[in-house]
Amino acid sequence: MKTQLAQYFFEQYHHQPTVIVRSPGRVNIIGEHADYNNGFVLPAAIDKAAYLAVSLRDDLEIHLTALDLNEQFSTTVDELKPIGDVSWPNYILGSAAQFLKHDIQLPGFNAVLTSNVPIGAGLSSSAAVECATVFALNHLLKTNIERVPMVAMAQKAEHEYAGVMCGIMDQFASMMGKANQVIKLDCRSLEYEYVPFKLDGIKILLLNTNVKHSLASSEYNTRRLECMQAVEMIQTNHPEVLSLRDATIEMLDQYVLPFNDLVYQRSRFVVDEMERLNQACQFLQDDNISALGNCMFKTHDGLSRQYEVSCKELDYLVNFVRSRNEVIGARMMGGGFGGCTINLVQEDKIESLISVIKPAYEEAMGLPLDYYIATIQNGTEII
Ligand code: GLA
């Protein structure tokens, strides 16, 4: 990967890149749609990553190349702004723009991007590019920004240049991941701890529906607003409740349920999911994998029926594996409306599972089924 990228960079810009950064995609074991409600999440960085080769320029020109798409884009530091379509340059430009917002002088730069994080698969391909960009520029500009503030910069890039009001989970996982560990992240305080994730004989299998989710397609932002609405309804009586993290089921029953069914349904999922995450972490620590798996199935049901961010293809895959002994747990993952399911599966049964689920899915849904066995790897790093 490194040699090919450096070579391509040389062909494009006639000099070697100064730095090459790898920044991974992520999985999330449990704790979905919890980050922007200030709850806990349990993500990990994976072995699929974005790679960005960069060098600074003497002028203000920015030249970007996407190796995989064979596309180019140029602009200047003075003209940094989101480009019309939500597409790959925005993730790099939005991340570069954060340095200016921090009053850091930014020269022009040349960059080549390549990535093997499948796009639109719910594995945070955009967060990977944002983190790679912030990390590379921080290194080249010698700005010495710590990792956690860099995570916030990468998240802002998504808000401001891609228009998705995402929480902090994806960028945090990409930047902060550690091999063989999941991150238990408190999205309110940003305190975190690494929890070993070594399940004997069990692997993380990702099944890609090949339904491209489009998070920006208002639904994600709508869910966020619905959660805020629940908080506002509770706040009339409990001003101390600042997010659903502070809410109890009793509060939802009393102040939301009588007035707005839909908002109740959404906020109830989030509060239940926060409780489920606590249980799941305990099960993980106790090595009670089947109980952890059950939590994942319950999360899927909540995301599908209460939060309504699933789709028929995701439901099909989860329902298919639900009663199979080799599958310990499964659920849709990420923002929703497509992308992957995450499955904990007995390693020696993965092949036989694929041999039945792939043709069944393709026949029933009329779409190809892709699959990846994900391993948990380090977060953003220079290679
Ligand atoms: C997307 C967002 C994250 C998070 C998940 C849902 O991946 O980018 O911030 O909200 O959806 O858990």
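Here are a few questions and answers about a predicted model and the ligand it holds.

Me: How many domains is the protein divided into, and what separates their centres?
Reply: The protein splits into domain 1, covering 2-197, and domain 2, covering 202-373. They do touch: the contact takes 39 residues from domain 1 and 44 residues from domain 2. Taken over C-alpha atoms, the distance between the two centres is 25 Å.

Me: Where does the ligand lie relative to domain 1 and domain 2, and why?
Reply: Start with the residues around the ligand, which include Arg26, Tyr36, Cys166, Tyr220 and Gly334. Domain 1 (2-197) and domain 2 (202-373) both give residues to that shell. So the ligand lies between domain 1 and domain 2.

Me: Which residue has a side-chain N or O atom 2.5 Å from an oxygen atom of the ligand?
Reply: Let's go through some candidates in the shell. For His33, a polar backbone atom is 2.6 Å from a ligand oxygen, so to speak by its main chain. Glu32 uses an N or O atom of its side chain, and the distance to a ligand oxygen is 2.6 Å. The side chain with an N or O atom 2.5 Å from a ligand oxygen belongs to Asp35.

Me: How much of the ligand's exposed area does the protein bury?
Reply: On its own, the ligand exposes 310 Å². In the model, the ligand sits in the largest pocket. The share of that area buried by the protein is 96%.

Me: How many residues of the shell around the ligand are charged?
Reply: The shell has 4 nonpolar and 4 polar residues. Glu32 and Asp35 are among the residues around the ligand. The count of charged ones is 4.

Note on methods: Residues numbered from 1 in each chain as written. Predicted model: local features only at pLDDT ≥ 70, side-chain atom pairs only at ≥ 80, totals over all residues. Heavy atoms only, no water. Near = heavy atom within 4 Å. Polar contact = N/O pair within 3.5 Å; in protein donor to acceptor, adjacent residues only side chain to side chain. Areas by Shrake-Rupley, 256 points an atom, 1.4 Å probe, with all protein chains shown as cover. 1 Å grid on protein atoms, 1.4 Å probe; cavity = no way out; pocket = protein on both sides within 12 Å on 5 of 7 lines; lining within 4 Å. Sits in = over half its atoms within 2 Å of the grid points. Nonpolar A, V, L, I, M, F, W, Y, C, P; charged D, E, K, R; others polar. Domains from an automatic or database assignment. Contact = heavy atoms within 4.5 Å.
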